[in-house]
Amino acid sequence: MRIKVEVNQLAKVESATIYLDEFLLFVGDNNSGKTLLMELIYGIVNLICQWKVDCGKARISERENVRYIRFDEGWYESVEDEINLYLQNNKEEFILTSFSNLIPLESVNIKFEDVEDLFYIGTISSQASLEKQYPNGERESIFEGINSSNDMESRLAHRVLLDMIGMDEGEKQLFIPAARAGLQMLYRYFFASSANVNAGIPLPVYEFLKFIQTYTNKVNFSQDEIELIEFFEQNLMRGKVEFENNQFVFQEGESEIPLNYASSMIQELAIFTCILKSGNKFGYIYYDEVENSVHPLVQGEVARALIRLCNSGRKLIVSTHSDTMAGKINNMILLSRMKNVAEKREKAGKVGLTAKDMLGNQKNVMVYEFKKNEKGKVRVEALEFMAYPRIGYLFDRFNENIDQLYNESNSIMGYDEN
């Protein structure tokens, strides 16, 4: 199943059709609407996760005091219609909730795609369970052995909706804004001085500030989480970020300083370990301008961190206007999609990558380029992945810049005078 978000006339963005797959990359110039579209998607996912859904058009049967509820295509369509009707009739309320301001927006709607032959079966007796059956006949248990309650049908319906959007029970979203270093220094002042609920800032940014303000450390870690934290600390920061005495500190060797006194790169990248060490669980992570304050030689390590974070089960929506970052991610996806395992391993080793840097085969990737026209309006285009020849994604805007620099160099050195 895929979820499609269709947007028309969002500020300067004329139109965009975005699939909420496991890894999304937004590339384009400054002031091209990348952040605004990410914030809108955050609002859509937030709306779906909080949607009060019931069984509606689900198929219900009962045998021997056991109640069976089948959620399939008819139910998906009814939920989709309900949400889109709300977005149509309550557009202003949705915009104010998401942005705290009346951002221009003509329309936004969602679509559940590839739902044929995919269904969920809920079972209710003294206990309840939920499983999902794929078109190929494979089954996956969502949960089992939960004590039933009077509202169990609604709980099942909501759990199905969460699974459709790619969230687990209790998971949240985290939007990492481009101005994160400054926000990390000022968040205490913001909450101390702000009387309004959101103080006129977008919901995703407000909830990022709230995440920092209410941060708690996780107690127990899986082995995979430990290895991922160690990768971030060793390859990105060459040190550790800890939360001690109600503040974030950076530890490097024998020294320890408050995080806001560390380098701008450390402040920017600290969020990687904070996510994993947090007591919260995040299903969606939005990383705006991921390359901020990061040296080009380190951007490759950040790309590796993003792939590993996606492989850990999070959905990522990342924006960049760095050709280096986009190129690094593109190269890793190219390697990940190679069919010959031996060749993939050999080529990965030559460029310093390992099997853990390969994006999982089940992870869908979409890359969107934001292109401005002469009037300043933006068209969002989904880029095609070209496995052969081995190009991957072709970034027109970045290629134009490289060509321009090349021509300038030739002109300065006099090579174009002949």
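The second largest pocket of this predicted model holds about 480 Å³ of space. Its lining consists of 23 residues, and those nearest the centre are Tyr42, Glu171, Lys172, Gln173 and Glu207. Two or more lining residues come from each of α1 (34-49), α4, β10 (171-176) and α6 (203-213). Of these elements, α6 makes the greatest contribution to the second largest pocket, with 5 residues. Sorted by class, the lining of this pocket contains 10 nonpolar, 7 polar and 6 charged residues.

The largest pocket encloses about 1,000 Å³ of space. A set of 35 residues lines the largest pocket, with Glu22, Lys132, Asp163, Gly166 and Lys315 nearest its centre. The elements that supply two or more residues to this lining are β1 (2-10), α4 (152-165), α8 (264-277) and β14 (281-287). Helix α4 is therefore on the list for the largest pocket and also on the list for the second largest pocket. The class make-up of the lining of the largest pocket is 15 charged, 12 nonpolar and 8 polar residues.

Enclosed space comes next. Rolling a probe the size of a water molecule over the atoms shows where empty space remains. In this structure there are 2 cavities of 30 Å³ or more. The second largest cavity has about 30 Å³ of space. Lining the second largest cavity are Tyr215, Asn217, Val241, Glu242, Phe243, Phe248, Cys274 and Lys277. Strand β11 (240-244) and helix α8 each give two or more residues to this lining. The largest share comes from β11, with 3 residues. Helix α8 thus appears in the lining of the second largest cavity, as it does in the lining of the largest pocket. By class, the residues around the second largest cavity divide into 5 nonpolar, 1 polar and 2 charged.

The last feature is on the surface. Ile412, Met413 and Tyr415 form a nonpolar surface patch of about 410 Å². Tyr415 belongs to the segment that follows α12 (396-413). Why does Tyr415 count as exposed? The relative accessible area of Tyr415 is 57%, and exposed means over 50%, so Tyr415 falls in that class. A residue of a patch needs over 30% relative accessible area, and Tyr415, at 57%, therefore meets that part of the requirement.

Definitions and conventions: Residues numbered from 1 in each chain as written. Predicted model: local features only at pLDDT ≥ 70, side-chain atom pairs only at ≥ 80, totals over all residues. Heavy atoms only, no water. Patch = residues over 30% accessible without salt bridge, like charges linked within 9 Å, V, L, I, M, F, W, Y side chains within 5 Å. Areas by Shrake-Rupley, 256 points an atom, 1.4 Å probe, with all protein chains shown as cover. Salt bridge = Lys/Arg side-chain N within 4 Å of Asp/Glu carboxyl O. Helix = DSSP H or I, 4+ residues; strand = E, 2+ residues; numbered from the N terminus. Buried < 20%, exposed > 50% of the residue type's maximum accessible area, 1.4 Å probe, protein only. 1 Å grid on protein atoms, 1.4 Å probe; cavity = no way out; pocket = protein on both sides within 12 Å on 5 of 7 lines; lining within 4 Å. Points joined across faces, edges and corners; volume = space filled by probe spheres on them. Nonpolar A, V, L, I, M, F, W, Y, C, P; charged D, E, K, R; others polar.
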